[in-house]
Amino acid sequence: APKRYLQRITHKNKMAPFNVSKFAVMALIALNAMASSDAYVNPSNKPTSVESASTSTNIKRTFINRDIKTPDGVPEEGIKEAMELMASGRMYRYNVPSADKSVVSLCEQEVVDYTGHKYCVALNSCGSAIMLMMKTAGLEPGDKVMSNAFTFGAVPSAIEHAGGKAVYVESNYDHVMCPDDLEAKLAAHPDCKFCLISHMRGKVGDMDRIADICEKNGVTLLEDCAHSLGVYWQGKHTGHKGKASAISSQSYKMINSGEGGFFLTDDAEMAAKCAVYAGAYEGLAAKHLTVPGPEVFADLPTQIPNYSLRMSGIAAAVIRPQMKTLQERIEKYNSRYYKLCEKLEARLGDLISIPKLTPGVTQMVHDSIQFNVSPDVTEEQIQVFLDECKAHGLPVELFGHKSNARNFVNWGFAPADEPLPRTAAMLSRACDCRMPLMWDDEDFDDMADVICESLEAAVNFN
């Protein structure tokens, strides 16, 4: 660096003699070293991967200055109702004279009006809903549960919470459960009578075939729809192939109450049990709109425990107006997604592949983007790509990263007993990036540029 700096000085003053003392040369060297950030952040003066990749291409790089974790805001209507509830103090769902005066009961009704289910119980989290799906389906301690090898750590956690033991089914490069492996795993575990399928990032597997496999093997199918609110299979909302399903209102989902979830089913007994497990003791089930009648509840409140997993009125209040705008927001998400995909595929070509939707998905919700990096890209180059994205304001995640909660190797509380080579291979190349609704359209142009520029820099890195 000092030599190049002196060359620039020499070139600038080439018409004049360049007589400089040793002291001046040393001063120039010192000034140049101070101007270099490496003198402070990289004392070894060895280039980092980001520095090397960034300087290997002589292009102007794009930077993003938006927060990728930006959640959807609560509509004014929801804020107003929540404030009124707080002013009254009646935030507890049962502190009302009747079901039609309960904000939570009204919210449950609005959810089933959208999804088409008969019964709904609002809960404090989707994790609770998943756990109660298994409890109400009859899971006993130690029972095996088939589940995606690619899912979020909350799913095996819910299986463990319910007392079950997870048996993992391979996921493919479209990020969905492999029906062939499900069939093989059920043959290898004939004592398994439950299958909990996750629609990760809203991606739905071949639900007709999966349901058929479960039926032939006497297995109860349950659906984790935390990511698939708004996603339709064969013209019906997801969650109807299984005996019960669960959706989420955690902050990064399509409805945002910070935390929250809903148990959905057409099975009267499961709905009644869920309401009691959640906290409908004594005669409080009468303050629900979307549970069966008292004849189904019978003596359940004295026979099964109350886990106190109810949704609060505040959470329901902020959810209700969001249900009204679901379709509008879905259309906005999808429009942005398809434009982003078009740009990435046009520029990156064979360097990436974007998971394909399973035939049978009649409406998708693309509130995030996933892509698989080509096998021609080395693991070192993938890490450079991730570092490049982060350095330019876009934290892209690798599902297979050693710290990612969606990587099955990190589930020490519910470890895989059998190798999962196909899922492991997919996770090692599967990248994930949120698409915040609150961003502006032009921000997604920048997102495309950062992803493309970062991967191009990474593959040119040596």
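Helices, at least four residues long, and strands, at least two, are DSSP runs numbered from the N terminus. By that numbering, K356 lies in the loop between β10 (352–353) and β11 (361–363). The model described here is predicted.

**A loop residue with a distant partner**

Is K356 buried or exposed? K356 counts as exposed, at 63% relative accessibility. Its C-alpha atom is 9.0 Å from that of H175, while 181 residues separate K356 and H175 in sequence.

**The whole chain**

The protein chain has 18 helices and 14 strands. It holds 462 residues, and 52% of them are buried. Take the contacts in the chain with a separation of 6 or more: residues 24 or more positions apart account for 74% of these.

**Helix α14 and its two partners**

Helix α14 (residues 313–324) packs with helix α5 (residues 76–88). The angle is about 160 degrees, and the axes are 8 Å apart. Angles over 145 degrees count as roughly antiparallel, so α5 is roughly antiparallel to α14. The crossing of the pair is right-handed. On the α5 side, the contact is made by E77, G78, E81, A82, L85 and M86. On the α14 side, it is made by G313, I314, A317, V318, R320, P321 and K324. Sorted by type, the residues of this contact are seven nonpolar, two polar and four charged.

Helix α6 (residues 103–115) also meets α14. Their axes come within 8 Å and cross at roughly 35 degrees. The crossing of α6 and α14 is left-handed. From α6, the residues in contact are V103, V104, L106, C107, E110, V111 and Y114. From α14, they are G313, A316, A317, I319, R320 and M323. This contact divides into 10 nonpolar residues, one polar and two charged.

**Two helices checked for length**

A simple test compares the expected span of a helix with the distance between its end C-alpha atoms. The table gives both values for α16 and α18.

| Helix | Residues | Expected span | End-to-end C-alpha distance |
|---|---|---|---|
| α16 (residues 379–391) | 13 residues | 18 Å | 18 Å |
| α18 (residues 441–459) | 19 residues | 27 Å | 28 Å |

At 1.5 Å a residue, the end-to-end distance of α16 agrees with its expected span. The distance for α18 agrees too.

Which residues of α16 are buried? They are Q381, I382, V384, F385, L386, E388 and C389. An α-helix has 3.6 residues a turn, so residues three or four places apart point the same way. In α18, the buried residues are D443, F444, M447, A448, V450, I451, C452, E453, S454, L455, A457 and A458.

After α16 comes G393, and its phi is positive, near 90 degrees.

**Positive phi outside glycine**

What is the phi of E282? It is near 50 degrees, a positive value in a residue other than glycine. E282 sits in the loop between α11 (268–278) and α12 (294–297). E282 is exposed, because its relative accessible area is 67% and the cut-off for exposed is over 50%.

S308 is another residue other than glycine with a positive phi, near 55 degrees. Its place is the loop between α13 (300–303) and α14. At 44% relative accessibility, S308 counts as partly exposed.

Conventions. Residues numbered from 1 in each chain as written. Predicted model: local features only at pLDDT ≥ 70, side-chain atom pairs only at ≥ 80, totals over all residues. Heavy atoms only, no water. Buried < 20%, exposed > 50% of the residue type's maximum accessible area, 1.4 Å probe, protein only. Axes fitted to C-alpha atoms, helices over the stretch in contact; angles between N-to-C directions. Parallel < 35°, antiparallel > 145°, perpendicular 65-115°, else oblique. Left-handed = near helix turned anticlockwise from the far one by under 90°. Contact = heavy atoms within 4.5 Å. Nonpolar A, V, L, I, M, F, W, Y, C, P; charged D, E, K, R; others polar.
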